[in-house]
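The following paragraphs are meant to be read alongside the sequence and the coordinates. Please keep both in view while reading.

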Amino acid sequence: MDDLIKIVRTYRLTVGLTERIRLAEEIFRHIEPDLRVFVFSSVTHDAAKDALQEVLKAVAVSLKQFKGDTHKEFWGWCYRIARNKLSDHFRQQYAERVQPLPPDELWQIMESTAQAKPISPGVRHDLEHIIKLLTATKPDCSDLLWKHYVIGLDYAEIAEERKLSYDNARMKIGRCLDEAKSLVS
Amino acid sequence: MLGRSQVAGFLIMAELSQKEQLALHEFSARYREALAKQHQTPEQSLDIVRDAVREQYEQEMGAKRSPSIEPSTPEKEREPEEPDQGH
């Protein structure tokens with residue numbers, strides 16, 4: 001992952017178009033899978049494909065303007081651009097996607113991977129538990145748990161998104177997890 | 001391929017048991033695989049990235065050729081703004 005920030009720094013200093021395109025492709029091979037999860041978790045699936053293209057374009061256009069030096073800063077910057085783009089251009093779909101995916105849909109998604117990677121009974125049991133945890137609480141809590149534990153947003157990024165203090169975000173996620181565990185057990 | 005959640009997750013998930021962390025890791029990996037399989041657009045995405053880089057490059061070159069003309073860079077202006085949550 002440290003490689004990513006090295007490539008971003010190199011991109012910033014690169015003048016030639018061919019080299020810039022090569023570096024940009026490398027950067028996007030690193031970040032596309034996670035931005036894809038973020039976008040598909042943030043807007044309705046019907047809109048997600050177009051939204052992802054818009055987000056990737058916005059990040060690519062702004063890449064030279066990224067001023068940070070760390071992996072964490074870079075990801076925070078990418079997600080900030082993604083949120084701006086989604087709330088500006090996909091406002092309705094952004095609002096509609098507050099509801100988390102229901103357990104049966106999450107199961108279908110898991111099942112779709114079973115051919116390439118079979119699901120043993122033990123793993124099935126564990127996945128069932130995780131799906132219950134992620135969907136047991138009210139939508140707002142489920143959304144927080146999803147963003148923190150599945151997308152991987154840290155407390156600071158969630159605090160920024162929700163306009164909360166760092167400690168409030170941390171406590172809210174902790175309470176949501178406690179609530180989910182109490183409902184599941 | 002390990003996504004960002006797996007890297008970040010193991011650093012921050014103090015509240016989950018080790019078994020739950022492993023299960024979450026499995027869930028996230030499968031979720032990513034399923035999304036990648038359902039929506040295979042990497043080449044299309046890369047085309048968009050290439051076009052955006054080219055467009056940005058041409059704007060920079062244009063600005064160098066005629067420094068008195070302000071280049072149009074709407075994305076550059078948009079980036080630092082927070083999303084408008086007021087609607």
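Which domains does the domain assignment of chain A give? In this predicted model, the assignment divides chain A into domain 1, covering 2-95, and domain 2, covering 99-184. Taken over C-alpha atoms, the centres of domain 1 of chain A and domain 2 of chain A are separated by 23 Å. Six residues from domain 1 of chain A and five residues from domain 2 of chain A take part in the contact between them. On the side of domain 1 of chain A that touches domain 2 of chain A, at least two residues are supplied by α2 (17-42) and at least two by α4 (71-89) of chain A, and the residues of that side comprise three nonpolar, two polar and one charged.

From this contact one can turn to the nonpolar interior. The largest nonpolar core has 60 residues, and those that touch the most other members are A24(A), V39(A), V55(A), A60(A), C78(A) and A82(A). Domain 1 (2-95) and domain 2 (99-184) of chain A each contribute at least three residues to this core. A60(A) also leads the reader across to the other chain: leaving aside residues up to four places away in sequence, A60(A) touches A24(A) as well as V49(B), A52(B) and V53(B).

Chain B itself, to which those last three residues belong, has four helices and zero strands, so that its elements, followed from the N terminus, run α-α-α-α. Of the 87 residues of chain B, 22% count as buried.

Methods
Residues numbered from 1 in each chain as written. Chains lettered and ligands numbered in written order. Predicted model: local features only at pLDDT ≥ 70, side-chain atom pairs only at ≥ 80, totals over all residues. Buried ≥ 20, exposed ≤ 12 C-beta atoms within 10 Å, placed from the backbone. Domains from an automatic or database assignment. Contact = placed C-beta atoms within 7 Å. Nonpolar A, V, L, I, M, F, W, Y, C, P; charged D, E, K, R; others polar. Core = buried A, V, L, I, M, F, W, Y, C linked by C-beta atoms within 7 Å.
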